[in-house]
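Hi,

Here is the structure I said I would pass on. Have a look at it first, and my notes follow below.

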Amino acid sequence: MIIKTAVVEILAEKALLNTTDVKLDFSIQDLGLDSLGIVEAIFSLEERFNIDIDLNFNNVESSDFDISSVNQIIKSVEKIVKKKNGRS
């Protein structure tokens, strides 16, 4: 639950929205984030969770980090954090 809350807070901040306005099925486009906003959100997620997110912006579809929706971003962060902490 902590990861979910933090991810939503970061995405809301970068999108200039209230956290209550961010829905789990929202896409990056629904949030209104442009490419710079996405990069800033990724950097904030990396900093907040002390993780490295491997995301090729030239070929997002082939990345293990799924940015297709808020929920997928949460799941991707959870996966990286678990892997970092030695749990799979």
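Which residue lies over the face of Phe49? That would be Arg48, at 5.0 Å from the ring centre. Bear in mind that this is a predicted model. I also looked for aromatic pairs, and a search of the whole structure turned up zero of them.

Now the overall layout. The protein has four helices and zero strands, so to speak a plain α-α-α-α when you read along the sequence. Of its 88 residues, 39% are buried. If you take the contacts between residues at least 6 apart in sequence, 55% of them join residues at least 24 apart. The accessible surface comes to about 5800 Å², and carbon and sulfur atoms account for 47% of that.

On to the helices, starting with H1. This helix covers residues 2-15, which makes 14 residues, and reaches 20 Å from its first C-alpha to its last, close to the 20 Å expected at 1.5 Å a residue. Its buried residues are Ile3, Ala6, Val7, Val8, Ile10, Leu11, Ala12 and Ala15. The cover over them includes helix H2 (28-31), helix H3 (35-49) and helix H4 (70-84). Just after H1 comes Leu16, which has a positive phi of about 60°.

H3 is next. Its 15 residues should span 21 Å at 1.5 Å a residue, and its end C-alpha atoms are indeed 21 Å apart. On the buried side you will find Gly37, Ile38, Ala41, Ile42, Ser44, Leu45, Glu46 and Phe49. Note that Ser44 and Glu46 are on that list along with residues such as Ile38 and Leu45. The buried residues of H3 pack against H1, H2 and H4.

Then there is the core. The largest nonpolar core holds 27 residues, and the ones with the most contacts inside it are Val7, Leu11, Leu45, Phe49, Phe65, Ile73 and Val77. H1, H2, H3 and H4 are the elements that give two or more residues to this core, with the largest share, eight residues, coming from H1. As a general point, nonpolar side chains tend to be buried together in soluble globular proteins. Val7 is a good place to start if you want to click around: leaving out residues up to four places away in sequence, Val7 touches Leu45, Phe49, Ile73, Ile74 and Val77.

Two more residues are worth a look. Val22 lies in the loop between H1 and H2. Is Val22 buried or exposed? With a relative accessible area of 9%, Val22 falls under the 20% cut-off and therefore counts as buried. Beyond residues up to four places away in sequence, Val22 touches Val8, Ala12, Leu17, Leu31 and Val70. One of those partners, Ala12, is 10 residues from Val22 along the chain, and their C-alpha atoms are separated by 6.5 Å.

The other one is Ser76, in helix H4. Ser76 has a relative accessible area of 7%, so this serine is buried too. What does Ser76 touch, not counting residues up to four places away in sequence? The answer is Asp64, Phe65 and Asp66. Phe65 is also among the residues with the most contacts inside the largest nonpolar core.

Cheers

Note on methods: Residues numbered from 1 in each chain as written. Predicted model: local features only at pLDDT ≥ 70, side-chain atom pairs only at ≥ 80, totals over all residues. Heavy atoms only, no water. Buried < 20%, exposed > 50% of the residue type's maximum accessible area, 1.4 Å probe, protein only. Contact = heavy atoms within 4.5 Å. Areas by Shrake-Rupley, 256 points an atom, 1.4 Å probe, with all protein chains shown as cover. Expected span 1.5 Å × (residues − 1). Core = buried A, V, L, I, M, F, W, Y, C linked by side-chain atoms within 4.5 Å. Phe/Tyr/Trp six-rings, centres within 6.5 Å; stacked < 30°, edge-to-face > 60°. Lys NZ or Arg CZ within 6 Å of the ring centre and 35° of its normal.
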